[in-house]
Structures are given as C-alpha cells and as structure tokens.
Amino acid sequence: MAEVTLKDVALASGCSIATVSRVLAGTRPVGAETARTVRAAAERLGYRPNHVARALRSRSTGTVGLVLPQITNPFFPTLVRELEHALHAEGRAVLLADCDDDPATEAVRISALLARQVDGLLLIPVDERHSREAVAAAAAQVPLVLLDRGCGPGVADSVAVDNAAGMALVLAHLAATGRRRPCFIGAAGTASAAVERRTAYENGAAALDPAAPGRLALGDFSVEWGRAAVDLLWPARPDAVVCANDLIAAGALQRLRQLGADVPGEVAVTGFDDIPLAGLADPALTTVRQPVADLAAEAARLLSRRRAGGASGPGHTVRLAPELVVRASSGTAVAVAADGPFRTP
C-alpha cells in the first residue's frame, strides 16, 4: 500500500499543503473549521507523519534520552511514567537507557543517545563525582537536566527533592514520639541523594543523642543491605532505624521481625521515597514522600526552556518540598508537609 502523503491529505481536504502541514504539526494557529476538515481527511486516509523526514527538515528528532542508574529500583519506574506523560504532552518520545549503577556504562549510554541525535537528555546520575565528566560533556552538546541527584554546582540544570528537609521531618517525628536512640542505614559512595540524606541525619540526630551520628551503617540502596545492616546495628539496641530509602527499610523491617523485635513498640523504622511497597509492608512504613509528578513536570519545563534558548550559562537548581507520611512502623497515619519549594539561581 502506498504511503499517504501531505499532498494526498491536501487534495482530500481541499486545503493547501502548507495549511495541512500547519494543522498536523501544530506549528501555527489555523481556523477551527479548517483544522477539523484537515484532521478528518487525514484520519479517513490513514495518514501517519513521517518522523524521519520531519527530523531531516527541522533538525529535530522529537526524542529525549532518559538515563537511569538502575531500573529495578521501584522509585525510578514511577518517575519514568510521569516523565513520559509530561514529554508526550509536548509531542516528544522517550528513549530509555539503564546503566546498572556503573559510571562507565552510563558514559557509554549517554554517547549512544547523543549519536541518535536526541533533542535533549534527562539523567539521574550514578555518582556525583564519577558521572561529572560525561554529564558536563553532554550538557555542552544538548539541553540536559539532572533529576533526583546532582553532579555538583553549575554542571547542568537539576531538579530534586529537598533531602535535608525530608530527613528533618523524620527526625522531628521521632523526637515527638519519644525516640532518643536512632541509628541510620544508608548507601556508601558519592551519589548526591545518599550523601545529602546521610549528612542530614548526622547533623540532626545529635539533638536526640550525641552518640547518634556514629550509629550508622553504609552499603547500598537494597533490601539485602537493609537486612544485613540490622545485624550490625541491633546489638546497640536503637529505638529508631532511619533508612535512606524504602528498599533498605523493607529489609530492615523483615530482619527486625525475624529477630523478634516489636515494631513500632520497641523500635521505629522509617524510609524515604514512598514507593508502593511502603504501604504494603508489615507494618506499613513511615516514609518521606517525593513529589514525583512535580519532579517530572519541572524537569520537562527546564528542558524545554533550554531547548527554546530561554536559559543560558550555569545550571539552575530546583529543590521541591517533601512530605512525611506517618504509618504504623512508627505511629498513627498522618501526613506532614515541609515548606514549599525553593530555588537557587
């Protein structure tokens, strides 16, 4: 079957090829009746736009590359879904790449997406230091926005939750419920989210107990590490286990139950992210909820702004306010919001 062209749609609708192109591309306003006539003709003929030809004409592929550290972390698919919706609303398709938490693989994935002539990149960097060179090089070639994690000041536009505010909400809640001997299970390395959550714990926990900043164990963002870390920290008999994400917290909950600990009577457990697993845990997990839809919308906005030439120079940083969702692992069900988002130029 021959491909239906713009000329065919123009003949069927009685409009010029230029008018048909404007209607179907949405590049310029056209009268409502004309637009309806053109779209009806295109649907009747089964017209499908030739994206390759359009890319050659406009030098825009209509695609955005999205690079993730590890798709198996349940927080990331939720964010991908919101990003896909936000970009689809702008007529853009997403090319997804997983780098398995390896900076070298991340650099290869970035290069591959640039070779495909993506119009921009969205990136959750593996590591603040080790990802910086590849990220900075890519940001010099295409509009690029960092999500959830950063690569240091000025490298690229970035949007993330305010991790310090989230940890402050956790520690304030624990203090209000009488906890005085917290410990922390986090991730080693220099991924910015891991560093910021760990640092915020160390800075804030001393108000509950001067020894609390030293009660911590660092591994990775996994259920397995949560289980193993409990064995390291439980001999000190903490009355609260503060976890850097919900996967760690799920593992900690499981191991504490195996050890016969009463959660939350003897020890509270908290997480970070509010992935679907948090509400299904037993007991349901108190955690910091990230504003995922707002993260995606802000990232899409920053990317479009760069593409349109509305921003230049050093990257802009946007921090969004988190919310504490209190569940049975530490108390009764309530939600506490931090202050609104703040920005730094």
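The following conversation concerns the cavities and one pocket of a predicted model.

Q: How many cavities of 30 Å³ or more are there?
A: The count comes to 2 cavities of that size.

Q: How much space lies in the largest cavity?
A: The largest cavity holds about 80 Å³ of space.

Q: Which residues line the largest cavity?
A: Its lining consists of N73, F75, F76, D148, R149, A193, R197, F221, N245, D273 and Q290. By class, 4 of these are nonpolar, 3 are polar and 4 are charged.

Q: And which helices each supply at least two residues of that lining?
A: Those are α5, spanning 75-88, and α9, spanning 192-205.

Q: Now the second largest cavity: what lines that one?
A: The second largest cavity is lined by C183, I185, V230, L233, W234, P238, V241 and L256. About 30 Å³ of space lies inside the second largest cavity.

Q: How does that lining divide into nonpolar, polar and charged residues?
A: The lining of the second largest cavity has 8 nonpolar residues, with no polar and no charged ones. Strand β6 (182-187) and helix α10 (223-233) each contribute at least two residues to this lining.

Q: Changing topic, how much space lies in the second largest pocket?
A: The second largest pocket contains about 370 Å³ of space.

Q: Which residues are the closest to its centre?
A: Of the 23 residues lining the second largest pocket, Q70, D101, R149, D220 and F221 are the closest to its centre. R149 and F221 also appear in the lining of the largest cavity.

Q: What classes make up the pocket lining?
A: The lining of the second largest pocket comprises 10 nonpolar, 8 polar and 5 charged residues.

Note on methods
Residues numbered from 1 in each chain as written. Predicted model: local features only at pLDDT ≥ 70, side-chain atom pairs only at ≥ 80, totals over all residues. Heavy atoms only, no water. 1 Å grid on protein atoms, 1.4 Å probe; cavity = no way out; pocket = protein on both sides within 12 Å on 5 of 7 lines; lining within 4 Å. Points joined across faces, edges and corners; volume = space filled by probe spheres on them. Helix = DSSP H or I, 4+ residues; strand = E, 2+ residues; numbered from the N terminus. Nonpolar A, V, L, I, M, F, W, Y, C, P; charged D, E, K, R; others polar.
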